[in-house]
Amino acid sequence: MDRHIQNDQSQVSFENASCPLPLHHHDHIVIGHGSGGRMTNELIKQVFLAHFKDPQLLLGNDFASLLPPECKQGMGRLSVSTDAHIVKPLFFPGGNIGKLSVSGTVNDVAMAGAIPLYLTASFIIEEGLSMQMLEKVVASMAETATQADITIIAGDTKVAEKGSVDQLFISTTGIGWIPEGRMINGQSAQDGDSIILSGTMGDHGIAVLAERGELGFSTTIESDVAPLNNMIETLLLAAPHTHVLRDPTRGGVATTLNEIAQQSRVNILLQESALPVKKQVQAACEMLGFDPLYIANEGKLLAFVPEAESVAALEAIRSHPLGNDAAIIGKVVPLEGEIPRVLMKTLIGGTRIIDTLSGELLPRIC
Amino acid sequence: MCLGVPGKIIKIYDENSIRMSDVDFNGVTMRVCLETTPQAKVGDYVIVHAGFAINLLEENEALETLAMLDEINKLGEEQE
Amino acid sequence: MTFSESYRDPELVTKTIQRIHKVTTQSWVIMEICGGQTHALMQHGFDELLPHAIELVHGPGCPVCVTPLELIDKGIAIAQQPDVIFTSYGDMLRVPGSEKDLFSVRAAGGKVKVVYSPIEALQIARNNPDKQVVFFAIGFETTAPANALSVIKAKELNLHNYSMLVSQVRVPPAIRAILSDPNNRVQGFLAAGHVCSVMGYHEYIPLAQKFHVPMAVTGFEPLDLALGILETVRALEKGTSEVVNAYPRGVIQDGNRSAQDIITQVYESCDQKWRGIGTIPDSGWKLNTGYADFDAENRFDVGKIHTRESEICISGLILQGRKKPFECPAFGTLCTPENPLGATMVSSEGTCAAYYRYHRGKK
């Protein structure tokens with residue numbers, strides 16, 4: 001864990017002085033927890049190491065020194081990803097910021113077709129955050145890491161003055177190995193590919209919005225936040241020539257498909273009737289004037305699979321608990337003109353363009 | 001201007017002297033003001049816009065229209 | 001039952017559209033004046049399913065788009081004042097004023113809050129007695145009862161820190177203005193279903209008769225839209241100028257009397273400037289003397305506002321249905337939803353924005 005002292009020592013300030021007496025029990029994070037001294041050590045021991053038990057962490061160095069395990073299919077390349085997580089509220093139906101920070105980065109690493117192995121986690125904690133809340137988040141991260149079969153090997157803690165951070169920000173970096181022979185990326189979509197969405201759209205975004213309580217509605221919808229690497233391995237066994245994998249997070253399915261269309265320089269044609277969406281999510285979107293295609297997902301993936309492997313791919317995803325509602329939602333078609341587009345055949349047989357999300361999602365009355 | 005969605009009133013209550021309700025839309029519950037539809041009762045369907053019930057939904061009218069369309073389609077005739 | 005699913009049934013919609021094809025024997029220009037209908041027609045891709053002989057044009061039915069730029073500038077100025085919490089429907093936040101939009105006011109530290117209902121704005125006023133809470137009360141007749149009720153309750157509950165910045169517009173005077181224009185091409189109207197839910201449709205009957213223009217009160221689901229268009233075309237083919245209610249589950253001729261009473265308690269008729277069109281007599285509502293205290297324009301002194309409209313924007317012609325977005329040289333290039341030059345691109349219901357999102361490059 002990082003031991004650097006947080007406070008500027010060139011000016012005397014009694015405000016940030018950390019208490020020299022070893023106070024063993026705290027209900028809330030205080031600024032002293034970020035000082036790098038004894039209180040920081042106690043925090044690390046009592047909260048973080050109680051849940052993150054990798055032997056490297058327990059050695060107490062400022063680094064982890066690793067001998068990566070042999071990859072059965074060959075050494076391959078590394079997949080590395082980093083992400084910062086800011087979510088309000090910290091706890092929502094189906095998950096919390098901890099589960100999100102582990103799942104999100106594990107998923108990004110796994111979308112390369114990689115086997116995620118390690119995660120680092122950096123915490124920026126607002127002074128005054130309850131210890132109980134921090135513990136819950138950390139415990140959840142450990143649980144999610146176990147679920148994803150990865151280990152947290154390095155971390156950092158900083159405490160920021162009250163008001164300068166909204167409770168808790170977490171940044172995670174993930175590392176994985178891509179087995180030899182796998183070439184899965186956004187540039188590889190090809191004409192004729194089937195596009196599979198692994199489940200219902202918009203669950204996470206709507207669950208979080210409802211929990212915020214700002215738009216006057218409540219639902220029983222839960223966030224779909226989950227690590228998908230296990231499901232991806234099941235998919236790649238059945239469809240080894242999968243071309244693209246991506247999780248449609250912020251901006252939703254629409255934005256992610258536009259990104260891939262741009263990268264691969266293809267057009268995409270969707271079928272509105274094939275889009276999986278829960279009735280409650282559809283109802284909430286209609287009430288507020290949102291389109292489920294633009295709402296964030298945190299436990300879903302889009303897979304571009306050659307047509308010959310599409311049935312096997314769909315069956316494989318559906319057989320996994322996180323992919324029961326998977327569906328083929330469209331296909332890749334040749335580019336027409338200069339600009340890649342995502343188009344959709346509507347319920348009544350018309351066609352419309354599905355654009356990228358522009359700006360913030362706002363509820364409307366029109 | 002007209003984002004209006006039909007839902008079913010499941011509870012009516014007074015909140016700070018304003019007549020409010022919980023309206024169900026396929027499992028989503030929304031807080032809706034009923035001051036504009038004083039005659040609405042629990043079990044009624046209302047059209048909701050900007051957090052207000054702008055009118056009651058006339059169920060029998062909806063059914064009549066669908067029945068009429070069904071009739072026309074079955075006969076396959078034009079009654080223009 | 002809400003019937004939403006039945007009114008989306010693809011088979012019923014297809015059969016109704018087939019009937020439209022059967023009855024159409026010549027070209028007709030039909031206008032809808034409702035941002036929600038513009039949005040729905042685009043969303044479902046109606047234009048390519050209808051007979052080519054039917055031209056659908058989109059009128060000034062987006063209250064966000066027609067809100068005068070001066071008022072938006074005033075709202076932004078008020079929002080920047082200390083101790084003001086500025087509340088608004090989500091649609092308005094993205095609309096740029098002459099210099100900036102409400103988003104940037106928020107980024108600079110101003111208190112700007114999106115509310116889904118004016119009741120929320122009242123709640124904010126109740127919870128913040130030491131702040132001035134201003135609600136941006138825009139909308140057509142559909143939103144008027146909600147906006148009006150908020151000042152009735154504010155007065156009743158002595159919430160004197162609450163006020164409204166009002167831009168209420170009415171559909172029938174807009175129809176009259178469009179039909180009175182010597183260059184008018186519109187031959188039939190789809191009347192906005194939820195406006196009529198509140199106000200009824202008796203006002204449209206003399207308009208239809210005077211100008212010989214049939215109208216169909218139309219809903220928002222695909223089947224509703226198809227039925228509304230079908231009824232309008234049938235009347236045009238027969239040569240009648242009737243008003244047909246094609247949305248009977250949501251509208252009765254007299255409308256919602258209780259909602260209308262709420263409106264008349266608070267508002268009185270006034271001349272109203274429509275952005276892109278100009279002033280239409282008697283086409284708006286303002287707070288009457290009984291509620292003038294709650295008018296934010298009276299309460300706040302924001303000094304001189306310098307309003308600047310784009311010179312190349314042709315919103316006015318688009319709002320009247322005389323030009324299409326792709327006929328504007330700035331469409332999709334200088335003028336996009338991220339950088340709108342004028343009224344019809346600012347809101348996602350504006351004609352140009354809707355075309356940009358759903359149709360760009362198709363024609």
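These exercises work through the fold of chain A and the contacts between chains in a predicted model.

**Exercise 1. Overall form of chain A**

Compare the radius of gyration of chain A with the value for a compact globule, then describe the chain's extent and its burial.

Solution.
- Step 1: Start with the expected value. A compact globule of 366 residues would have a radius of gyration near 21 Å.
- Step 2: Set chain A against it. Chain A has 22 Å, which agrees with the globule value.
- Step 3: Take the extent. The C-alpha trace of chain A spans about 75 × 55 × 35 Å along its principal axes.
- Step 4: Count secondary structure. Chain A holds nine helices and 14 strands.
- Step 5: Check burial. Of the 366 residues in chain A, 49% are buried.
- Step 6: Look at contact range. Take the contacts in chain A between residues at least 6 apart in sequence; 85% of these join residues at least 24 apart.

**Exercise 2. The seven-stranded sheet**

Give the strand order of the open sheet in chain A, and find its edges and the helix α7(A) that packs on it.

Solution.
- Step 1: Write the order. The seven strands of chain A run β9-β11-β7-β12-β10-β13-β14, with mixed pairing.
- Step 2: Find the edges. β9 (244-246) and β14 of chain A each pair on one side only, so they are the edge strands by the pairing rule of at least two DSSP bridges.
- Step 3: Add the twist. From one strand to the next, the twist averages 25°.
- Step 4: Place the helix. Helix α7 (residues 252-264) of chain A packs on the sheet and touches β7 (194-197), β9, β10, β11 (302-305) and β13 of chain A.
- Step 5: Give the angle. The direction of α7(A) makes about 130° with that of β13(A).

**Exercise 3. Strand β13(A) and its partners**

Which strands does β13(A) pair with, in what direction, and which of its side chains are buried?

Solution.
- Step 1: Take one partner. Strand β10 (residues 267-271) of chain A runs parallel to β13(A), joined by four bridges.
- Step 2: Match residues. I268(A) stands opposite V342(A), and L269(A) has L343(A) as its bridge partner.
- Step 3: Take the other partner. Strand β14 (residues 351-353) of chain A runs antiparallel to β13(A), with three bridges. Here L343(A) has I353(A) as its bridge partner.
- Step 4: Inspect the turn. β13(A) and β14(A) form a hairpin with five residues between them. In that turn, G349(A) has a positive phi of about 100°.
- Step 5: Sort the side chains. V342(A) and M344(A) point to one face and are buried. L343(A) and K345(A) point to the other face and are not buried.
- Step 6: Relate this to the general pattern. In a regular strand, side chains alternate between the two faces of the sheet.

**Exercise 4. Contacts with chain B**

How many residues of chain A and of chain C are in contact with chain B, and which elements supply them?

Solution.
- Step 1: Begin with chain A. Its 15 contacting residues meet 13 residues of chain B.
- Step 2: Name the elements. β8 (217-218) and α8 (279-288) of chain A each give two or more residues. The largest share, six residues, comes from α8(A).
- Step 3: Classify that side. Chain A contributes six nonpolar, six polar and three charged residues.
- Step 4: Look for strand pairing across the chains. Two bridges join β8(A) to β3 (residues 28-33) of chain B, and the strands run antiparallel. S218(A) stands opposite T29(B).
- Step 5: Turn to chain C. Here 44 residues of chain C are in contact with 32 residues of chain B.
- Step 6: Name its elements. Those giving two or more residues are α1 (10-23), α2 (35-44), α7 (144-156), α9 (193-199) and α12 (257-266) of chain C.
- Step 7: Classify again. The side of chain C that touches chain B has 22 nonpolar, 16 polar and six charged residues.

How values were computed. Residues numbered from 1 in each chain as written. Chains lettered and ligands numbered in written order. Predicted model: local features only at pLDDT ≥ 70, side-chain atom pairs only at ≥ 80, totals over all residues. Contact = placed C-beta atoms within 7 Å. Nonpolar A, V, L, I, M, F, W, Y, C, P; charged D, E, K, R; others polar. Buried ≥ 20, exposed ≤ 12 C-beta atoms within 10 Å, placed from the backbone. Rg over C-alpha atoms; globule rule 2.2 N^0.38 Å. Axes fitted to C-alpha atoms, helices over the stretch in contact; angles between N-to-C directions.
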